[in-house]
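I opened a new page for this chain. My notes follow in the order in which I looked things up.

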Amino acid sequence: MSIETISLSGRKKLVSHKEMSFLERMYLLAVVKGMIITIKHLFTRKVTIQYPEQVRERSPVYRGQHQLKRDEQGRENCTACGLCALSCPAEAITMTAAERKPEEKHLYREEKYASIYEINMLRCIFCGLCEDACPKDAIYLTTSKTLVASSYEREDFIYGKDKLVMPLDIAMENAQLKNAN
């Protein structure tokens, strides 16, 4: 058995070194085929969108900015179970759990809450697995068109509870809409 016949993967192909004809050496046929493709593209519909005047329609499965929900009384839904951090494939979510004090009953629903909840937006891939894993429906990805603001500092891309928690007025509007339905 010679070294030329051995194939470990089974995908060995024999390459032929056939002499090219005169037309093949001139590449005239290849140039003509390329021109035909170019001319076909001249008569197809353009895909360019004139952005300020036209806005591209978002996909129905679009996932935008993260947000931590509040309930109808304005309390945070997150109970710091850590399932969102465990399900995150990019390991972008970190949290620290704390016990609720009696005077904080109006701020948090459960006895345990996330005292520190941070998402590193440089790592986040917006997959939505944190949203699926949450048993309390505390985190979700909005349909907001604004994503992550640009910056030169890494610290600006770590979103804490100050940027993630739903504003109180929006939580109250959602509660009124839920009660109306």
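Entry 1, burial. I looked up how much of the chain is buried, keeping in mind that this is a predicted model. Of the 181 residues, 26% count as buried. A residue gets that label when its relative accessible area is under 20%.

Entry 2, surface. I noted an accessible surface of about 14,300 Å² for the chain. Carbon and sulfur atoms account for 57% of that surface.

Entry 3, charges. I wrote down 27 positive and 24 negative side chains. The centres of these two sets lie 10 Å apart.

Entry 4, helices and strands. I found six helices and five strands in the chain. Read along the sequence, they follow the pattern α-α-β-α-β-β-α-β-β-α-α. I then asked why the chain counts as more spread out than a compact globule. The radius of gyration is 28 Å, while the globule rule gives 16 Å for 181 residues; the value for the chain is well over the rule, so the chain is more spread out than a compact globule. I added the extent of the C-alpha trace, which spans about 90 × 60 × 40 Å along its principal axes.

Entry 5, contacts. I took the contacts between residues at least 6 apart in sequence. Of these, 69% join residues at least 24 apart.

Entry 6, the sheet. I asked in which order the strands of the open sheet stand. Three strands form this sheet, in the order β2-β3-β5, and the pairing is antiparallel. β2 (93-99) and β5 (158-159) stand at the edges with a single partner strand each, so one side of each has no neighbour in the sheet.

Entry 7, the pairings. I went through the bridges one pair of strands at a time. β2 and β3 are joined over seven bridges, in the antiparallel sense. In this pair I marked Glu99, which stands opposite Lys112 in β3. Strand β3 covers residues 112-120, and two bridges join β3 to β5. β3 and β5 also run antiparallel. Here I marked Asn120, which stands opposite Ile158 in β5.

Key
Residues are numbered from 1 along each chain as its sequence is written. This is a predicted model: local features need pLDDT of at least 70, side-chain atom pairs count only at pLDDT 80 or more; totals for chains, interfaces and linings use all residues. Side-chain values use heavy atoms; hydrogens and water are left out. The radius of gyration is taken over C-alpha atoms; the globule rule is 2.2 Å times the number of residues to the power 0.38. Buried means under 20% relative accessible area, exposed over 50%, partly exposed in between (1.4 Å probe, protein chains only). Contact means heavy atoms within 4.5 Å. Accessible areas come from the Shrake-Rupley method with a 1.4 Å probe; for residues, only the protein chains shown count as cover. Lys and Arg count as positive and Asp and Glu as negative; His and the chain ends are not counted. The place of a charge is taken as NZ of Lys, CZ of Arg, CG of Asp or CD of Glu. Two strands pair if DSSP finds at least two bridges between them.
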